[in-house]
Amino acid sequence: MRISRRTFTTAAVAALVLPLSACGSGGDGGGSTDASGKVEGDITFQTWNLRANFKSYFEGVIADFEKKYPGTHVKWIDQPAEGYPDKLSADAAGGTLPDVVNVSPDLLAPLAKAGLALDLDKSAGQYKKEYLDGAWSGNRIPGLTGTYAFPWYLNTGPLFYNKSLFKQAGLDPEQPPKTYDDLFADALKMAKQSKGKVATLANVPTIEDFGRYGAQLMNDQGTGFAFNDAKGVELLTKYKELFDAKALDPQALTATPESSGKKFLTGAVAMNPGSALDLGNFKKNAPNLYKNIGITDQITSTGHVNMYVMGVMVNSRTKHTPAAVAFAHYVTDAQNQMSFAKQVAIFPSTAGSLDDPYFTKEDGTDDTRVRVAAAKSLKNAVNYTPVLFSDQMKTALGNEVAKALQGKESPKSALDNAVKACDQLLTQQG
């Protein structure tokens with residue numbers, strides 16, 4: 001089940017990008033961009049590791065669509081999670097890309113650049129108002145004009161915090177930090193009060209943090225990175241202060257989500273991102289933590305939390321554009337997204353859906369506590385991860401952040417070097 005953005009290896013990125021680049025930006029054999037004709041014909045629909053758990057759901061959606069549009073037939077293909085980028089690459093290069101394809105923004109980007117993704121602003125712009133603004137814009141590609149996939153399901157996660165640790169530090173456990181300024185002040189106070197025994201955070205800043213802090217991640221043309229601006233340098237400087245004061249866990253440079261979770265579980269860290277599954281773990285393995293658990297939004301200085309976006313792309317070379325667009329819209333309309341969200345812990349991208357009582361009313365269960373908290377924050381969330389930001393770029397940024405925290409480089413030099421490395425990698429993508 002794909003519930004968040006996936007980063008994949010440099011080899012996979014290259015495998016996906018290079019054959020597609022050879023296709024040009026349109027090429028011959030393209031299908032019609034006019035989606036206004038009669039909805040009819042045989043189309044293929046490809047999902048990403050969903051058949052095992054949701055076979056009956058998708059068979060029902062397809063049957064309902066074919067009933068609504070007699071003369072259509074949808075062939076459903078589901079691909080395993082592993083090797084999905086390679087499969088897309090092979091299909092794109094061989095001209096066998098399905099008519100309607102489940103993609104994340106990072107997988108969509110090279111397909112759109114190669115002219116293989118239908119521009120929905122031109123072909124299906126009448127549907128834009130049905131989706132959250134942040135979700136629709138999540139399928140835009142820097143350097144291109146247009147939107148290249150229907151928003152499908154979204155995901156995000158709140159922050160958990162330990163109320164007991166906040167109280168011990170003299171902080172109000174009912175008023176957790178909301179902005180980075182609040183966070184830094186509380187973290188330094190907690191480290192001082194605990195004499196360095198309790199850190200507030202267990203992770204170094206990522207590209208999403210720079211976005212939430214207000215740094216410009218890419219230039220306006222989408223041709224280079226820009227997170228070494230004044231805001232970016234300010235954020236890394238603040239993290240350096242936290243690191244020196246032990247307000248950032250000393251092992252943050254090598255932390256994984258699992259190791260950070262264990263730190264939070266044992267009371268060595270006061271805040272950590274998570275999900276409803278974590279609440280069950282706390283209840284079973286750390287009852288004192290569970291009793292003192294607080295749930296709040298992600299930290300942001302922009303007023304917008306980060307979200308992950310999944311999309312449904314229409315192949316620009318489909319021979320049945322009206323049917324492909326109609327089906328992609330049908331899969332992602334409010335009714336079908338709401339139905340899907342009740343089967344798995346994801347959120348609909350359709351406008352108004354998050355006002356449904358399912359996402360607003362508490363019922364006393366842990367799952368609902370987290371679902372309501374996350375849904376509230378998603379209404380104006382954005383996808384901060386640039387669609388062109390590869391796994392190798394993530395590593396380059398992480399390495400430079402580590403050097404800055406260790407005092408080997410200044411925050412400005414570290415981010416300048418990170419931007420330079422990421423720009424070089426961007427050039428290699430073609």
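Start by selecting Asp-355, which is partly exposed at a relative accessible area of 47%. The model on screen is predicted.

Keep Asp-355 selected and add Lys-379, whose side chain meets that of Asp-355 in a salt bridge, with 2.4 Å from N to O. Zoom out a little along the chain: this pair links distant parts of it, 24 residues apart. Asp-355 sits in the loop between helix 15 (334–341) and helix 16 (357–360). Lys-379 sits in the loop between helix 17 (366–378) and helix 18 (391–405). Lys-379 is also partly exposed, its relative accessible area being 42%, because that value falls between the 20% and 50% cut-offs.

Next, select helix 10, residues 230–244. Within helix 10, pick Lys-231 and Glu-234, which lie 3 residues apart, about one turn of the helix. These two form a salt bridge, and their closest N and O atoms are 4.0 Å apart. Turn on the surface for both residues. Glu-234 counts as partly exposed at 35% relative accessibility, and Lys-231 is partly exposed with a relative accessible area of 37%.

Move to Lys-38 and Glu-40. Their side chains meet in a salt bridge at 3.8 Å, N to O. Is Lys-38 buried or exposed? Lys-38 counts as exposed, with 62% relative accessibility, because the cut-off for exposed is over 50%. Glu-40 is partly exposed, at a relative accessible area of 37%. The three pairs visited so far are salt bridges; the count for the model comes to 11 salt bridges.

Now select strand 1, residues 41–48. How many of its 8 residues are buried? Strand 1 is mostly covered, with 7 of the 8 buried.

Add strand 2, residues 72–79, which runs parallel to strand 1 and is joined to it by 8 bridges. To check the register, label Ile-43: its bridge partner in strand 2 is Val-74. Then show helix 2, residues 51–68, as a ribbon; strand 1, helix 2 and strand 2 together make a right-handed β-α-β unit.

Last, add strand 3, residues 100–103. Strand 3 also runs parallel to strand 1, and 2 bridges join them. Which residue of strand 3 is the bridge partner of Phe-45? Label Val-100, which is that partner. With the three strands displayed, strand 1 can be seen joined both to strand 2 and to strand 3.

Conventions
Residues numbered from 1 in each chain as written. Predicted model: local features only at pLDDT ≥ 70, side-chain atom pairs only at ≥ 80, totals over all residues. Heavy atoms only, no water. Buried < 20%, exposed > 50% of the residue type's maximum accessible area, 1.4 Å probe, protein only. Helix = DSSP H or I, 4+ residues; strand = E, 2+ residues; numbered from the N terminus. Pairing = 2+ DSSP bridges. Right-handed = clockwise from strand over helix to strand, strands pointing away.
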